[in-house]
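This report is written for a reader who is meeting a protein model for the first time. Please keep the sequence and the structure in view while reading.

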Amino acid sequence: IGNATSGVSLVINGGGFAVDGQGTAEVKPFEIGIATVTMNDLTITGGRATGPAGTKSAVGGGIFNAGNLTLNNSVVTGNTAQEEGGGIFNRRTTNPPPKLTLNNSVVRQNAAVLRGGGIFNDRDATATINNSTISSNTTTFGTQQGGSGVANRGAMTITASTISGNTGGVFGGGVANIAGVMTIDNSTISGNTATTNGGGID
């Protein structure tokens, strides 16, 4: 989804239906460019970012965002990425910097090989998570793996949310603040595991 017209936005009302990549290699349910997009009551599933290492095709299995994306009452589940952001990858851009907002949403049972099984927030990107659940996501391979729930390199704020049951990382089973700034307020982080450092937070 790309929109070059300033001030115009797209609203997707899912009505509880799913957008399903059906597990097809290199198929992401959503790839958002310079656009403002709001998704309401939608399930995003079955995405597989399996492209070459170091390319955008290897990140963001369910959603690849380089715009301004808001998810309300939505579910991101059952997506995978060859590198980072199994569920959602909030990509580094500078004009304008990307924004991701989750309200009353769930990110669960997604997987990434390296970092951010649920969500990866890149440098210069902003992510805000409100009243949401990030659970049962995994990272699966390599010494760089971490942040099975969420991994942050930009600016991330988590409020009144639950991060639980995320597993598999070397560090930061629930949350890995790799760089950047992270604020966590009035939230529960429990039952996450990492093999070396920071089962809950690193």
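The text below treats the strands, the aromatic rings, the nonpolar cores and a few single residues in turn. The structure is a predicted model.

## Strands and their pairing

One open sheet contains six strands in the order E3-E7-E11-E15-E19-E23, and the pairing is parallel. Its edges are formed by strand E3 (30-32) and strand E23 (175-177); each has a single partner strand, so one side of each is left without a neighbour in the sheet. From one strand to the next, the twist averages 5°. At the E23 edge, strand E19 (residues 150-152) pairs with E23 in the parallel sense over three bridges. Within this pairing, Val150 stands opposite Val175 in E23.

Further pairings involve E4, E8 and E12. E4 and E8 run parallel and are joined by five bridges. Thr36 has Asn68 of E8 opposite it. E8 also pairs with strand E12 (residues 99-103), again in the parallel sense and over five bridges. Here Asn72 has Asn103 in E12 as its bridge partner. Strand E8 (residues 68-72) is mostly covered, for four of its five residues are buried.

## The environment of Asn40

Asn40 belongs to strand E4 (residues 36-40). Is Asn40 buried or exposed? Its relative accessibility is 18%, and because the limit for a buried residue is under 20%, Asn40 counts as buried. The side chains of Asn40 and Asn72 are joined by a polar contact of 2.9 Å. When residues up to four places away in sequence are not counted, Asn40 touches Val11, Ile12, Asn13, Gly14, Gly15, Asn72 and Ser74. Asn72 therefore appears both in this list of contacts and in the polar contact with Asn40, because contact means heavy atoms within 4.5 Å.

## Aromatic pairs

A pair of aromatic rings is described by the distance of the centres and the angle of the planes. The count of aromatic pairs in this model comes to two, and the table gives their values.

| Pair | Centre to centre | Angle between planes | Arrangement |
|---|---|---|---|
| Phe64 and Phe89 | 6.0 Å | 5° | stacked |
| Phe89 and Phe120 | 5.2 Å | 5° | stacked |

The planes of Phe64 and Phe89 stand at 5°, so the pair is stacked. This pair links distant parts of the chain: Phe64 is in strand E7 (residues 63-65) and Phe89 is in strand E11 (residues 88-90), 25 residues apart. In the pair of Phe89 and Phe120, the rings are likewise stacked. Phe89 lies in strand E11 and Phe120 in strand E15 (residues 119-121), so the pair ties together parts that are 31 residues apart in sequence. Phe64 and Phe89 are both buried, and Phe89 and Phe120 are both buried. Through these ring pairs, Phe64, Phe89 and Phe120 are linked into a cluster.

Phe64 may be described further. Its relative accessibility is 2%, and Phe64 therefore counts as buried. Leaving aside neighbours within four places in sequence, Phe64 is in contact with Lys28, Phe30, Glu31, Ile32, Lys56, Val59, Phe89 and Arg91. Phe64 and Asn90 are 26 residues apart in sequence, and their C-alpha atoms are 6.4 Å apart in space.

## Nonpolar cores

Which residues touch the most other members of the largest nonpolar core? They are Met39, Ile63, Leu71 and Ile119, and the core has 25 residues. Two or more residues are given to this core by each of the elements E3, E4, E8, E12, strand E16 (126-130) and strand E20 (155-159). For Leu71, the contacts beyond neighbours within four places in sequence are Met39, Ile44, Ile63, Val76, Leu100, Thr101, Leu102, Asn103 and Ser105. Another core, of six residues, lies apart from the largest one; among its members are Phe64, Ala66, Phe89 and Phe120.

## Phe171

Phe171 is placed in strand E22 (residues 169-171). Phe171 has a relative accessible area of 17% and is therefore buried. Phe171 and Gly200 are 29 residues apart along the chain, and a distance of 8.8 Å separates their C-alpha atoms.

How values were computed
Residues numbered from 1 in each chain as written. Predicted model: local features only at pLDDT ≥ 70, side-chain atom pairs only at ≥ 80, totals over all residues. Heavy atoms only, no water. Buried < 20%, exposed > 50% of the residue type's maximum accessible area, 1.4 Å probe, protein only. Polar contact = N/O pair within 3.5 Å; in protein donor to acceptor, adjacent residues only side chain to side chain. Pairing = 2+ DSSP bridges. Axes fitted to C-alpha atoms, helices over the stretch in contact; angles between N-to-C directions. Phe/Tyr/Trp six-rings, centres within 6.5 Å; stacked < 30°, edge-to-face > 60°. Core = buried A, V, L, I, M, F, W, Y, C linked by side-chain atoms within 4.5 Å.
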